[in-house]
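Please open the structure in your viewer and keep the sequence panel beside it. The tour below goes from one selection to the next and says what is there at each stop.

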Amino acid sequence: MFTKVNSKVVKVNVGQVGGVVARAGAMLFYTGQVAFAPHQIPGAGQFGGMGGIVRLAGRMMQGEHERTMLAQGNGEVHYGYAGLDIHTVDIAPGAVLRVEASRLLANTAGLQSSVVSVASGGGSGGGGGVMGMLRGAASGALTGQGMFTTQLSGQGSAVLLAHGGVIEMQVGGPAPVVVDPQAFVAAYGNVQTELKTALSWRDAVGRGSGEAMQLHCVGQGIVFVQASEEKL
């Protein structure tokens with residue numbers, strides 16, 4: 001669906017795939033008859049009341065992005081962003097891809113997308129509701145991981161962004177795959193993540209190191225890790 005031009009650019013025929021949703025500013029150039037329109041990820045505005053305030057504060061703290069554009073028509077579009085490395089993922093029916101909002105470049109429009117809290121069952125634990133969101137925001141502030149995650153399901157393809165390329169880690173053995181939250185990009189399949197403290201708070205204060213917090217990944221699937229702790 002998406003074809004890699006090089007390590008930083010992909011191209012796609014939007015007519016053949018039925019449209020493409022990409023982050024604003026990712027389109028490099030296109031040929032043919034292609035139209036672009038603002039696109040809202042379903043669920044991005046679902047947190048009303050106090051939850052909406054927490055969501056807004058969380059996004060301001062984490063610098064998360066949700067502005068996307070829908071490309072439709074007949075033509076070929078080239079995508080890339082800020083010279084970052086790209087990685088394509090094919091999503092099979094019944095599988096789920098959860099990706100940090102700032103690390104998703106584009107996806108085929110036929111995929112079902114939603115925004116979920118990392119405090120929910122598919123995220124880093126901590127329960128739901130306002131208190132769960134607050135815990136998720138606190139975890140995100142400490143680790144650099146976002147408070148909200150984009151969830152994609154159905155059948156299609158997505159493109160991830162990363163510093164220094166992407167490493168695929170298989171999850172499914174007797175021991176969890178433990179990831180620095182700042183290096184975490186996405187999880188594919190039936191993967192559950194839990195954020196754990198690796199050091200005491202006294203030891204961790206002032207160190208600013210991702211090793212103080214660790215993301216434990218269990219279940220069955222793949223975890224995508226970038227070769228850097230740099231935030232996008």
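## A salt bridge to start from

Begin by selecting Asp-85 and Lys-8, which form a salt bridge whose closest N and O atoms are 3.5 Å apart. Asp-85 belongs to strand β6, while Lys-8 sits in the loop between β1 (3-4) and β2 (10-13), so the pair ties together parts that are 77 residues apart in sequence. The two partners can also be compared with the surface switched on: Asp-85 counts as buried because its relative accessibility is 15%, under the 20% cut-off, whereas Lys-8 is partly exposed, with a relative accessible area of 34%. The count of salt bridges comes to one. Please keep in mind throughout that this is a predicted model.

## Along strand β6

Stay with strand β6, which covers residues 85-91, and move the selection to Val-89. Val-89 is buried, its relative accessibility being 5%. Now add Tyr-188 to the selection: the C-alpha atoms of Val-89 and Tyr-188 are separated by 8.9 Å, although the two residues are 99 residues apart along the chain.

## Two buried threonines

Next, select Thr-68, which is placed in strand β5 (residues 68-79). Thr-68 is buried, with a relative accessible area of 12%, and its side chain reaches the backbone oxygen of His-39 at 2.8 Å.

Then go to Thr-149 in strand β10, which takes in residues 148-153. Thr-149 likewise counts as buried, here at 9% relative accessibility. Show the side chain of Glu-100 as well, since a polar contact of 3.5 Å joins it to the side chain of Thr-149.

## A charge over a ring

Which ring lies beneath the charged end of Arg-23? Display both side chains and you will find that it is the ring of Tyr-81, with the charged end of Arg-23 sitting over it at 3.9 Å from its centre. As for rings that pair with each other, the structure holds one aromatic pair.

## A nonpolar patch on the surface

For the last stop, select Met-27, Leu-28, Phe-29, Tyr-30 and Phe-36, which make a nonpolar surface patch of about 430 Å². Within this selection, pick out Tyr-30, which is found in strand β4 (residues 27-39). Is Tyr-30 buried or partly exposed? Tyr-30 is partly exposed, because its relative accessible area is 37%, a value that falls between the limits of 20% and 50%.

Conventions. Residues are numbered from 1 along each chain as its sequence is written. This is a predicted model: local features need pLDDT of at least 70, side-chain atom pairs count only at pLDDT 80 or more; totals for chains, interfaces and linings use all residues. Side-chain values use heavy atoms; hydrogens and water are left out. Patches are made of residues with over 30% relative accessible area and no salt bridge: like charges are joined within 9 Å, nonpolar side chains (Val, Leu, Ile, Met, Phe, Trp, Tyr) within 5 Å. Accessible areas come from the Shrake-Rupley method with a 1.4 Å probe; for residues, only the protein chains shown count as cover. A salt bridge is a side-chain nitrogen of Lys or Arg within 4 Å of a carboxyl oxygen of Asp or Glu. Helices (H or I, at least four residues) and strands (E, at least two) are DSSP runs, numbered from the N terminus. Buried means under 20% relative accessible area, exposed over 50%, partly exposed in between (1.4 Å probe, protein chains only). Rings of Phe, Tyr and Trp (its six-membered ring) pair if their centres lie within 6.5 Å; planes under 30 degrees apart count as stacked, over 60 as edge-to-face and the rest as tilted. A charge sits over a ring if NZ of Lys or CZ of Arg is within 6 Å of the ring centre and within 35 degrees of the ring normal. A polar contact is a pair of N or O atoms within 3.5 Å; within protein, one must be able to donate a hydrogen and the other to accept it, and residues adjacent in sequence count only if both atoms are side-chain atoms.
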